[in-house]
Amino acid sequence: MKRIVLILIFNIVCFNIAAAQRLLPPQNGVYHGSFPDMGPTEDVVTIERKNEFTDLTGKKPVWVYFSDNWFDGIHFPWDETEVIREAGSIPFIRMMPRKDWTADQPLPYYKMQDIIDGKHDLDLHQYARDVKGFGTPVLIEFAPEMNGHWFPWSGSFQGELETQYGDPDLPDGPERYIDAYRHIVKIFREERVTNATWFYHVNYSSVPEEDWNRMAQYYPGDEYVDWIGVSIYGPQRPGDMWLNF
């Protein structure tokens, strides 16, 4: 199965949300999606924020991207996804397994190993049932940019060079990420969810830039991934350099 790379996109093609359960490649052109300002925690989804972006660009996004922080537990974000659907776009859910906004620290609560061991299965099964009950397509990525060092699920916090888990020849951090990702997808399959499209989202460069931390080390496999996404940022401040693709 071919992989599809998601990058920043500036054109739009029509997509009939009611006619498809999973996001397929466009027959012509490219999709236009948005990650508008969703507030300091990236999860304040309102029609006003979505419309500001649409008015600025003059284009209606096929999908609208937001963070689903697990601050208060693992719950399907009904309100946020309904706002996006009512605006005529597909909700793109960024699953963020963290208890607070703290970065650059190991996971104190949502450890990859705990997900693998099934400690959050009851909530994840309900989440999957809610996605199914939502009834129209949703796009989902789990714990993005894991090859960086700014999120608590980063490989360096999950067993960097240790070989106590799984294959003794592979670093534990990437292995645990893969198995946690697969575990969640398997739960969705057990619940017969057919309207979710799964994304694997990495950063354009790995930090640290070590062989064990290469983006390929975290890849869950073609059987579990529908699209590949890559964070590639342009200048964020005056004087910043453009990055080559």
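**View 1. Helix α2 passes helix α4 in a right-handed crossing.** This close-up comes from a predicted model, so let's start with where the two helices sit in the chain. Helix α2 covers residues 78–86 and helix α4 covers residues 121–134. Their axes lie 12 Å apart, and the helices pack at an angle of about 25°. Angles under 35 degrees count as roughly parallel, and α2 and α4 are therefore roughly parallel to each other.

**View 2. Here are the residues through which α2 and α4 touch.** On the α2 side, look for W78, T81, E82 and R85. Their partners on α4 are D130, G133 and F134. What mix of nonpolar, polar and charged residues makes up this contact? There are two nonpolar, two polar and three charged residues.

**View 3. The largest nonpolar core of the model has 47 residues.** In soluble globular proteins, nonpolar side chains tend to be buried together. Residues with the most contacts inside this core are V131, I140, F142, Y177, Y181, F188 and Y200. Several elements each give two or more residues to the core, among them the strands β3 (63–69), β4 (90–96) and β5 (138–142), and the helices α3 (112–116) and α4. Which element gives the largest share? That is α5, with seven residues.

**View 4. I140 and its contacts fill this close-up.** Leaving aside neighbours within four places in sequence, I140 is in contact with F92, I93, M95, V131, F188, A196, T197, W198 and F199.

**View 5. A second, separate core has 10 residues.** Including V62, I90, L139 and W227, this core is a good one to find for yourself in the structure.

Note on methods
Residues are numbered from 1 along each chain as its sequence is written. This is a predicted model: local features need pLDDT of at least 70, side-chain atom pairs count only at pLDDT 80 or more; totals for chains, interfaces and linings use all residues. Side-chain values use heavy atoms; hydrogens and water are left out. Axes are lines fitted to C-alpha atoms, for helices over the stretch in contact, and angles run from 0 to 180 degrees between N-to-C directions. Helices (H or I, at least four residues) and strands (E, at least two) are DSSP runs, numbered from the N terminus. Angles under 35 degrees count as roughly parallel, over 145 as roughly antiparallel, 65 to 115 as roughly perpendicular and the rest as oblique. A crossing is left-handed if the near helix is turned anticlockwise from the far one by less than a right angle, and right-handed if clockwise. Contact means heavy atoms within 4.5 Å. Ala, Val, Leu, Ile, Met, Phe, Trp, Tyr, Cys and Pro count as nonpolar, Asp, Glu, Lys and Arg as charged, and the others, Gly among them, as polar. A nonpolar core is a set of buried Ala, Val, Leu, Ile, Met, Phe, Trp, Tyr and Cys residues joined through side-chain atoms within 4.5 Å. Buried means under 20% relative accessible area, exposed over 50%, partly exposed in between (1.4 Å probe, protein chains only).
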